[in-house]
Amino acid sequence: MTEPVFTCPECGSDEVTTEHHQKFMVNTGDHYCHSMKTQDSDSPATCLKCNWKGLRQDLNGGQHD
């Protein structure tokens, strides 16, 4: 089985990124958790070609396809 290729819903480019977010304790700076991972459907996504911004689930090849 091959991995899906995700593409931008605006321009069709496969030059897309997703984000991960981490949380840290304010007083100590200790790592608390990874609150969002790149594979999460609500991870922010950006197209590097046309600058489209949305969520990973909005990319072509995402869950709803």
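**View 1. The open sheet of three strands.** In this predicted model, three strands make up an open sheet, arranged in the order β1-β4-β5 with antiparallel pairing. The edge positions belong to β1 (16-18) and β5 (53-55); each has a single partner strand, so one side of each is left without a neighbour in the sheet. On average, and with direction ignored, neighbouring strands of this sheet are turned by 30° against each other. In a regular strand, side chains alternate between the two faces of the sheet.

**View 2. The pairing of β1 with β4.** Strand β4 covers residues 44-47 and runs antiparallel to β1, to which it is joined by three bridges. Threonine 18 has alanine 45 of β4 as its bridge partner.

**View 3. The hairpin of β2 and β3.** Strand β2 (residues 21-24) and strand β3 (residues 31-36) run antiparallel and are joined by four bridges. Glutamine 22 has histidine 34 of β3 as its bridge partner. Together β2 and β3 form a hairpin, with six residues between the two strands. In the turn of this hairpin lies glycine 29, which has a positive phi of about 80°.

**View 4. Arginine 56 and the ring of phenylalanine 6.** The charged end of arginine 56 is placed over the ring of phenylalanine 6, at 4.5 Å from the centre of that ring. As for contacts between rings, the count of aromatic pairs comes to zero, where a pair requires ring centres within 6.5 Å.

Technical notes:
Residues numbered from 1 in each chain as written. Predicted model: local features only at pLDDT ≥ 70, side-chain atom pairs only at ≥ 80, totals over all residues. Heavy atoms only, no water. Pairing = 2+ DSSP bridges. Axes fitted to C-alpha atoms, helices over the stretch in contact; angles between N-to-C directions. Phe/Tyr/Trp six-rings, centres within 6.5 Å; stacked < 30°, edge-to-face > 60°. Lys NZ or Arg CZ within 6 Å of the ring centre and 35° of its normal.
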